[in-house]
Amino acid sequence: FFSLLLVFSVYSQGLEDAIRYSEGDTQGTARFKAMSGAFGALGGDISGISINPAGAAVFNTSHGVLSASTKNNQKDALYGGGMANSSSNDIDLHQVGAAFVFKNNKKNSPWKKLVLSLFYERLQDFNSRFSVQGNTSNSIGSYFEDYANGLQLGDIIAFDGETIPQAYSDIGSSFGYSNQQAFLGYYSYILEPASEDLDNTSYGSNIAPGNFNQRYDYLSLGNNGKFSVNMALQYNEKIHLGLNLNSHFIDFEENTLLFEENTNTGSLINEVNFENMLYTNGEGFSLQFGTIIKLTDEFRFGFSYTSPTWLTLREESTQYLATVNDTDGESYVVNPSVINIFPDYKLKTPSKITGSLAYIFGKSGLISFDYSRKNYANTSFDFGSILMNSNINNAINENFRVSNTYRIGAELRRKNFSFRGGYKLIESPYKNKDIYGDLSGVSFGLGYNFGNSRIDLSYLNNQRKISQSLFNQGDLGSATIDSNIADITLSLSINL
């Protein structure tokens, strides 16, 4: 397997990448999930600290928790008049943490306690798959035409004696990603140059117009997680203060396969098999600070600020393309067997503010409400190029908007049992909700307190509708995906 470090002048990142790494919803403990994450004014839960760092100061004793979940992701995919259903199941240990309480023994001091916490939580699960098959009048040929037109023929063909892997690597290193795609199209005989002059910049397609039967397979894997260090203080009996320092990591793999066939009159290419693999990893940093104030014995108010996350990301990709001419019985395989390694780039995700209210019914239960605001138009890339930065960041400003999140949760206690429920609505970050819809979720849960330990169980169901582009160039359009995620979480909490 031949690999080479490549420096590209054109990137394939788009708006979908900006959303993928800017989103992230604390997965959390079973208690947290059962109340839909409405913990900004409550505290006393490791995952609640991820919403409002001041929540750690609510702990009266040192506390540890471990959470595992099983997730079923069902997707209904529609493309080209065809619909397909897919389902995937994952089991994961997604959360672990501990809080250590240090009480102040000086009776006259207003500072009652210091709490130090360490915890890991998964923010996002990238595991997803679907397949869809349909008939359209749009061909993958348009993808290669879009990349090729305007490029000189001499910059997309191999030198005499050069192998396919050597030429693919050299073209990528010298001219960039667009030229590589044109190279693939040319050597698979999808592209037909207007002339064989090396200065030619005009290309057509050997795939004739008509109807196309297409199958598209999508698979993604990976996680977006963070490790946090928290410090929280209680001042008097009413004020709690907290700070989180967060270390983030990204691990994402995406595999796509398009198979296209046609029997169109005059078509010199009748079958296309196009495979792409993208791997992204990176790390970043963010911080949070917040407060919880006891307005009365029953009412609590919470406020927290989450800074932007400053990420450094790296990408690798591989490609494979094969075509068939049914008339002549010829097949053309372009398999560079090369790993494209892209230069590091920066991504700054938007900041978030959260305001919360909670009402405590003594030892009988509680009700809590959280409101969060996140302006996705403040997302920005930095590729080290003014032109590239301007193009993608202008597109972000044109397409993204403020996303508001509403969460409400309740807990009812009866002796050692706790009964919980919640609802959340996360607005789309897109101005056009047909591209990326709102997310709505309902949750339920049950807990039992043994005295020095507690076990909690939750069920969460999230729904969202999105329009997912098959490719970032060409006119193949998008598949409409209805996603339904059912999540069951079990947590064990112990007073240390």
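Is Glu23 buried or exposed? Glu23 is buried, with a relative accessible area of 13%. The close-ups below come from a predicted model, and Glu23 is where we start.

**View 1. Arg464 and Glu23 pair up in a salt bridge.** The N to O distance here is 3.3 Å. Arg464 sits in strand β22 (residues 453–469), while Glu23 is in the loop between α1 (15–22) and α2 (30–34), so this pair ties together parts that are 441 residues apart in sequence. Arg464 counts as buried too, at 13% relative accessibility. That makes sense of both labels, because buried means under 20% relative accessible area.

**View 2. Arg413 meets Glu411 through a salt bridge.** Their side chains come to 3.0 Å, N to O. The two partners get different labels: Glu411 is buried at 4% relative accessibility, whereas Arg413 is partly exposed at 26%.

**View 3. Asp456 holds a salt bridge with Arg454.** The closest N and O atoms lie 2.8 Å apart. Asp456 has just 1% relative accessibility and counts as buried. Its partner Arg454 is buried as well, at 16%.

**View 4. Zoom out a little and the pairs of Views 2 and 3 turn up in one network of salt bridges.** Its members are Arg31, Glu411, Arg413, Arg420, Arg454 and Asp456. For the model as a whole, the count comes to 16 salt bridges.

**View 5. Now for the greasy part: the largest nonpolar core, with 65 residues.** Which residues have the most contacts inside it? They are Tyr21, Ile140, Phe144, Phe274, Phe400 and Phe471. Helix α6 (residues 177–187) supplies the largest share of this core, with five residues.

**View 6. Tyr21 and the residues it touches.** Leave out anything up to four places away in sequence, and Tyr21 still touches Phe126, Asn224, Ile250, Phe252, Thr280, Leu311, Leu313, Tyr345, Leu347 and Thr349. So that's a mixed crowd by residue name, because the nonpolar core set takes in Phe, Ile, Leu and Tyr but has no Asn or Thr.

**View 7. A second core, separate from the one in View 5.** This one has 11 residues. Among them are Ala56, Ala57, Phe119 and Ala232.

Technical notes
Residues numbered from 1 in each chain as written. Predicted model: local features only at pLDDT ≥ 70, side-chain atom pairs only at ≥ 80, totals over all residues. Heavy atoms only, no water. Salt bridge = Lys/Arg side-chain N within 4 Å of Asp/Glu carboxyl O. Helix = DSSP H or I, 4+ residues; strand = E, 2+ residues; numbered from the N terminus. Buried < 20%, exposed > 50% of the residue type's maximum accessible area, 1.4 Å probe, protein only. Core = buried A, V, L, I, M, F, W, Y, C linked by side-chain atoms within 4.5 Å. Contact = heavy atoms within 4.5 Å.
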